[in-house]
Amino acid sequence: MAETPFTTEIDSRPESLPRALALAGIDESLRNKIFDALRRAELSAKQPQQFREQVRWPIVLSLLQQVGVHRILMSNGLVFEICPDSRIEQALLLSTSARPDHVWEPQTTKLLTALAADHVVVGGAYIGDQALFIARALAERNSTGQVHAFEPMDHAFRRLLRNIEINKLANVQAHRLALWDNAAELALAGHAGLASSVPVDHALGVEVVAGISIDEYLKRHDSPGVGLIMLDTEGGEERALRGARDLLSRAAGKAPQVIFELHRNFVDWSDGLLNTSIVKLLVGHGYHIYAIRDLHGNFSMTNQPIEVIPAEAVYLDGPPHGFNMLASKEPDIVARLHLRVVRHVSPKLIPEKDPALHHPVDGFRSDNGK
């Protein structure tokens, strides 16, 4: 009698489950069904956070063990091919929205897409979590502008190119360069999504990349007006802005809007934000500065207004943390974009923290799960 190619015994050992999930995850259709079931289960769980940490996330990791990546369709039609490399991608993998409208920092994404005009410079583009939304907004407005996306880390850069490719975005120019104030050779320090560019000391085993200033880049490419600069370079934001002096010195209406991250690990704000060198640099060029109230994660805030805090009225106490800032020379930007100005609250929106400091003025109103 011929031997059957299949075993007749069921492997009932607990340790066989991760392998079974990894095999199940190879089938994209089945993987999507399990992902969706886990999302719905979290929404109805009595202890959602515990379910997310102890059940959902371990199963997600097992499902991705063989394939490595997972595609997520966004509400605007963008597709992101992601893997669990960073907290940014982990948040998207664990989104409670069936089709999320952002990858990370929902209010910043809304503000960036509202401001997208002419050419846009994005420093620290990572996998395109903000750059691709900007590119889609430009395309929808029939703009001839391009997104000039800079990502120095090789692994992230390759994944940025992949996400540009699968979305067929012709208006994104990606460069494996670090934005700086000169053409220095720079070393990358840190993990995916959190890597900083620092002057290289020729240490062995360090990923090295070339630096370029925004002003020099624009000269080389003969680019016309830049309407927006977005910087998330883990401490390199000021050096990048110092490399854009010509651009920043333009008059209101021709100078770009600027959104940049400010983090206590890199900036000493003990004397207030107005006394930090990066804010002084922008104020010296005639900019008005606001902190953007936002959260780090994937949590739909579609129907909530974008709240901003004047730089002199930001609540800064707490452990070292970071948040995004808006700099604009436009006198009526608050009215034009229907921004809500609030004072003496934290820019960090954190659902489990003090509502008076860390919640939107009207409280959290999420569309998650729909």
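**Notes on the pocket, the cores and some loop residues**

1. Helix 3 (48-63) is the top contributor to the lining of the largest pocket, giving five residues. Helix 2, helix 3 and helix 4 (87-93) each put at least two residues into that lining. Helices here are DSSP runs of H or I with at least four residues, strands are E runs of at least two, and both are numbered from the N terminus.

2. Before going on, some ground rules. This is a predicted model, in which local features need pLDDT of at least 70 and side-chain atom pairs count only at pLDDT 80 or more, while totals for chains, interfaces and linings use all residues. Residues are numbered from 1 along each chain as its sequence is written, and side-chain values use heavy atoms, with hydrogens and water left out.

3. Back to the pocket. It holds about 1,000 Å³ of space and is lined by 34 residues, with Gln49, His296, Gly297, Pro351 and Glu352 nearest its centre. The lining splits into 14 nonpolar, 11 polar and nine charged residues. In this scheme Ala, Val, Leu, Ile, Met, Phe, Trp, Tyr, Cys and Pro are nonpolar, Asp, Glu, Lys and Arg are charged, and the others, Gly among them, are polar.

4. If you want to reproduce the voids: on a 1 Å grid over the protein atoms alone, a cavity is a set of points where a 1.4 Å probe fits but cannot get out, a pocket is an open set with protein on both sides within 12 Å along at least five of seven lines, and lining residues have an atom within 4 Å of a point. Grid points are joined across faces, edges and corners, and a volume is the space filled by probe spheres set on the points.

5. How many cavities of 30 Å³ or more does the structure hold? There are three. The second largest has about 50 Å³ of space, and its lining includes Gln107, Arg293, Arg340, Asp362 and Arg365. By class, that lining has four nonpolar, three polar and five charged residues.

6. Helix 1 (residues 16-24) has Leu21, Ala22 and Ala24 as its buried residues, where buried means under 20% relative accessible area, exposed over 50%, and partly exposed in between (1.4 Å probe, protein chains only). These three cover an arc of only 160° around the axis, which puts them on the same side of helix 1; the arc is taken from the directions from the helix axis to the C-beta atoms. They pack against helix 2 (28-44) and helix 3, with contact meaning heavy atoms within 4.5 Å.

7. The largest nonpolar core has 63 residues, and Phe80, Leu111, Val147 and Leu326 have the most contacts inside it. Helix 6 (residues 131-140) gives the most to this core, with seven residues. A second, separate core of 39 residues includes Ile229, Val267, Ile278 and Ala313. A core here is a set of buried Ala, Val, Leu, Ile, Met, Phe, Trp, Tyr and Cys residues joined through side-chain atoms within 4.5 Å. Leaving out residues up to four places away in sequence, the residues that Leu326 touches include Leu111, Val258, Tyr290 and Leu339.

8. Helix 6 deserves its own point. Eight of its 10 residues are buried, so helix 6 is largely enclosed by the rest of the structure. Arg136 is one of those buried residues, along with Phe133 and Leu138 among others. Their packing partners include strand 2 (79-82), helix 5 (106-115) and helix 7 (154-166). Ala139, also in helix 6, is partly exposed at 39% relative accessibility. Its C-alpha is 7.7 Å from that of Asn171, 32 residues apart in sequence.

9. Now the loop between helix 7 and strand 5 (172-175). Is Asn167, in that loop, buried or exposed? Asn167 is buried, at 10% relative accessible area, and touches Gly77, Leu78, Val79 and Leu132, not counting residues up to four places away in sequence. Lys168 lies in this loop too but counts as exposed at 73%, and has a positive phi near 55° without being a glycine.

10. Two more backbone spots to check for positive phi: Asn142, following helix 6, is near 55°, and His344 is at about 60°. His344 lies in the loop between strand 15 (340-341) and helix 13 (355-358) and is exposed at 57% relative accessibility.
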